[in-house]
Structures are given as C-alpha cells and as structure tokens.
Amino acid sequence: MKLGAQISYYKAWRERKHAHTLIRGSPKQSFHVIPSYFHMLEKLNPRTVTRIKVDGESRFKYLFLAFGVAIRGFRYMRKVVRIDGTFLKGQYRGVLLVATAQDGNRQCYPLAWGIVDSENEDAWTWFLTQLKEVIGDTDELALISDRAPSIKKAISTIFEKAHHGACAWHVAQNIMNKFKCADIMGSYWSAVNVYRCEDFAGYMTEISHRYPIVAEYLENEVGFEKWFRCHYPGLRYNIMTMNMVESLNSMLVNARDFPYVALLGVIQEKMSKWWNDRRIVAMAITTPLTPSQESEFRPRFAQSNGRHTSQLNPVIYHVKGGELEDVMDIFNKTCTCKEFDIDKLPCVYAVAATHHAQVSVYSFVSPYYTKEYYVLAYGETIYPVGSQSQCDVPNEVTARVVLPREVKDKKRGRSKTSRFPSVREFRKWKNHCGKCGAYGHYKKKCNTQTGSTEGNPPTDVPV
C-alpha cells in the first residue's frame, strides 16, 4: 500500500519466500551443500570435527559440528557440559542439539552442535557418541540435562565414567506440573542452593512435613544425587540449571526456520563474534580473576574481617564468626562449610584462614576462574567459509550425495513457530490498538482523534 501497489496475501508470501531463497539458499539444495560446507570449515578451522549420517537411500539423518577452537579451549573450562535441544521450524523441520560449557566469566561456551530428526534415543545416542570423541569421558566430567528418558538412557549408554545431573529448574517445573504446590518452591530452591548435607536435610524435612509425596518424588524418582550439590557424586560447581542453554536457543530463534547450511552459518558468525569480543575483554582485565568471579570474590575480604582465627596445626585453622564456625584445611583446600570444596572458590572462612597464615588467597582459587585461562580459552579465531563460489572443494566431496529427508505432509494453515509456555512461565504481550495502529494500548483506551493518524504508519513497535 505504501508503494501504491495492491497484491494478494499469497503473492506477497510467495515473493517473500523467493527473496529468502536468494539470500539463504533453497532448503532442498542445502542438503547437497552440507558436505562442501563442512569440508571448507575443516580446512579453514584446523581440527574441526564434522559428521554426516545418511540412511540406506542417502537421505539425510543427522549432522554434527564441533569447531576445533572450541575443542581446544575446553581444557580451560570447568568440566561441566549442559546438553539440550530445540525444534527447528523450516521446511524439513528437525531438532537442533547443542552441548555447551561455561567459561570462567560465566558465559556460554558452545562445544558442539547437531541436527537430528527428533529428540529420540537413537538421535541422542549418535550425537553423544560424537561428543564423547571430542571431549572424552572422565570422572571429572559432569553432564547436565533435563529428565527426558531418551537423554538419560543415551548418557548412561555412552558415558561410563562421567556423572549425570538434572537441571534444578526442570525438576522444579516437574514438581509444579505433577503436584501443583507452588507454596513449597521456596524450600525447594533453598535445598538446591545449600552446600551442607545437614542444611539440606532440614529443608527436606520441611518439604516432607507439608508434601510427603513431593519429598518421595525428589528422593526416589529424581534422586538426591541428581540435583543436590552435597549428594552429587562428581563435581558440578555452582552450575545447577541449564539457563545458558535456553538463552542460546533463544538467541537463534529467528534462524530456526533457515535452511540447514544457512543456520550453521549463523552459528559460526555468532561464535566468531563472541570469540573476538571476549578475547578483547580478556586481554584488558587487570585483576587476577575474571570480572564476574572477582565481583563475587572481593566482598569476602570484608566479610572475613572480625572473624577469630586460630591455628590448630600447620595446615588446619579454626575460624569463628558470631554463631558460625568452620574448620579450614589449607593443604587439601577444604572447609567444613563445603562451599570451598564444591565451588573451588575460597569461602569467607578460607579467606580468613589464608590471611592468618600469611599466604595469598588467590593461590587457592581454581585456575578455571583466572584471567590466564580466560585469555587462553579465546586465544584463537573461528574463520567463516565465505561464498560457495570461492571454495575449492575436491570432486569426491562435491560428488557425495545427501538427499533431503522425507517429512510428513504438514497440516493445512500456518505452521506453529513457538512452543507453549510451561508452568509459571509468563510471556509479556503488547496490546495493539485497532484504532490508531499503535502498540501499548487497545482501542477502548485510545485517546487519538479519529482520522488523525490516517495514512501514517504506527510509530511504536512491540517489545
């Protein structure tokens, strides 16, 4: 209308689709390009790992991508990996899988990506098999996920040494869905966040008295070792939820209807920018620790003042402050408060003990939190593929046949592009006025005079 032309909705939709094809490529043609795209990624980014799995008819089933830069940088991360999936909205649909760590500055550090047909046991088993080749399988490794049966079974099959933990937020959502007991969520989150087993037992007793069925669910069906720090058999530090994976999925929300190669291009572009931006930040740090860890650690110096510290033997110190007291072992780097043991960041009692011992408290901090490791994690560059016409790809790669997978005929009408909100998850909606066309109010509350905005587009946009 603004250009003085009137076209039908269908024609406008068809031209929009054509424009997207010119920019992003055809969804069908994208499958044929995957081998060449992966070849160039491996050539430009050494030790990058790519995998493509097809069925007996050469139809696409799964793909896997882990940048060599991220693989090498993982040695400077805490060995806690969160895995999740999000549905894709393009013509061939599918599910995007991601495995991500957390850097010393508490930022998302994507390790590996995958595209599969659905979140089933076969798909997760294949993806985790490739992931195991990239990050290994050790007692130090912790894998955090939701409680989907397909993920649980695949992890137990593939990772024999690593420990599996449940996302505390997903456990909370399951409690709300099953038992409708919002009034005990405060006690639940208190139990999640404490470090000592005796404190945990107190909150669990409170939950048991009010909702015995919830306490039974947490102990027997979920298992204390899956969601509580003290009972966890491995080391998950303070990483109790999968919120960063959810944020990563939200970041790609506008690219989830792209053809597969275009989607992978967006992922590469985002990761390249993150690596460069974080490298600049890391090089400018003037403190021993990363900014987020330094801001958490610094207040503990003031909190340790006034605490009475006595030396029991060359390595054991007794620290008292008010009604609280704990014993710190500076040789084994442990404290009876358990916070230092689990987070590997000196607690208030450790700060007081090291001050009394006249040793640097920073020597007791895990290297994963230091500036040095932060710089090393982002020390390399992720390079883009560029134009396909400029790529030098061997004939045996271009000759590889990858056909689009068969998809069921979709229902008539516009496809669903957003998921249903879960329990206690609220979405902010902006009212749209049918009178003036602006957002933020509706027609009945509109103060605009009739005809005063005729011919003018709305100036507000929805948030």
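**Sheets, cysteines and salt bridges in the predicted model**

Four strands form an open sheet with the order S8-S9-S10-S11 and antiparallel pairing. Strand S8 (308–311) and strand S11 (334–335) occupy the edges of this sheet, and because each has a single partner strand, one side of each is left without a neighbour in the sheet. The description given here refers to a predicted model. Within the four-stranded sheet, S8 is joined to strand S9 (residues 316–321) by antiparallel pairing over 4 bridges, and the bridge partner of Gln311 is Tyr317 in S9. Helix H15 (residues 348–357) packs on this sheet, where S8, S9, strand S10 (324–329) and S11 are touched by the helix. The direction of H15 makes about 120° with that of S9.

A further open sheet is built from 7 strands, which follow the order S1-S2-S5-S4-S3-S6-S7 with mixed pairing. Its edge strands are strand S1 (49–54) and strand S7 (163–166), each of which pairs on one side only. From one strand to the next, the twist of this sheet averages 20°. Strand S2 (residues 60–66) pairs with strand S5 (residues 108–116) in the antiparallel sense, the pairing extending over 3 bridges, and Phe64 stands opposite Gly114 in S5. Helix H10 packs on the seven-stranded sheet through contacts with strand S3 (80–87), strand S4 (95–102) and S5, and the direction of H10 makes about 35° with that of S3. Helix H11 (residues 260–284) also packs on this sheet, touching S2, S4 and S5; the direction of H11 makes about 175° with that of S5.

The cysteines were examined next. With sulfur atoms within 2.5 Å taken as the criterion, the count comes to 1 disulfide. This disulfide is formed by Cys197 and Cys230, whose sulfur atoms lie 1.9 Å apart, and the torsion about their S-S bond is about -80°, so the disulfide is left-handed. Cys197 belongs to helix H8 (residues 197–210), whereas Cys230 lies in the loop between helix H9 (212–227) and helix H10 (243–251), so the pair ties together parts that are 33 residues apart in sequence. H10, the helix that follows this loop, is also the helix that touches S3, S4 and S5 of the seven-stranded sheet. Both members of the disulfide fall in the partly exposed class, Cys197 with a relative accessibility of 29% and Cys230 with a relative accessibility of 27%.

A contrasting case is provided by Cys337 and Cys347. The sulfur of Cys337 has its closest cysteine sulfur in Cys347, but the distance of 3.6 Å is too far for a bond. Seen from Cys347, the closest cysteine sulfur is likewise that of Cys337, at 3.6 Å. Cys337 is buried, with a relative accessibility of 10%, and Cys347 is also buried, with a relative accessible area of 1%.

Charged side chains contribute 14 salt bridges to the structure. One of them joins Arg59 and Glu57, with an N to O distance of 3.6 Å; Arg59 is partly exposed at 23% relative accessibility, whereas Glu57 is exposed at 54%. Another is formed by Asp199 and Arg196, the closest N and O atoms of which are 3.4 Å apart. Asp199, which lies within the residue range of helix H8, is partly exposed with a relative accessible area of 31%, and its partner Arg196 is likewise partly exposed, at 22% relative accessibility.

A salt bridge also links the side chains of Glu296 and Arg300, with an N to O distance of 3.1 Å. The two partners fall in separate accessibility classes, since Glu296 is partly exposed at 25% relative accessibility, whereas Arg300 is buried, with a relative accessible area of 6%. This contact belongs to a network in which Arg106, Glu296, Arg300 and Glu339 are joined by salt bridges that share partners. Within this network, Arg106 lies just ahead of the range 108–116 that is assigned to strand S5, while Glu339 follows the range 334–335 that is assigned to strand S11.

Note on methods. Residues are numbered from 1 along each chain as its sequence is written. This is a predicted model: local features need pLDDT of at least 70, side-chain atom pairs count only at pLDDT 80 or more; totals for chains, interfaces and linings use all residues. Side-chain values use heavy atoms; hydrogens and water are left out. A salt bridge is a side-chain nitrogen of Lys or Arg within 4 Å of a carboxyl oxygen of Asp or Glu. Buried means under 20% relative accessible area, exposed over 50%, partly exposed in between (1.4 Å probe, protein chains only). Two strands pair if DSSP finds at least two bridges between them. Helices (H or I, at least four residues) and strands (E, at least two) are DSSP runs, numbered from the N terminus. Contact means heavy atoms within 4.5 Å. Axes are lines fitted to C-alpha atoms, for helices over the stretch in contact, and angles run from 0 to 180 degrees between N-to-C directions.
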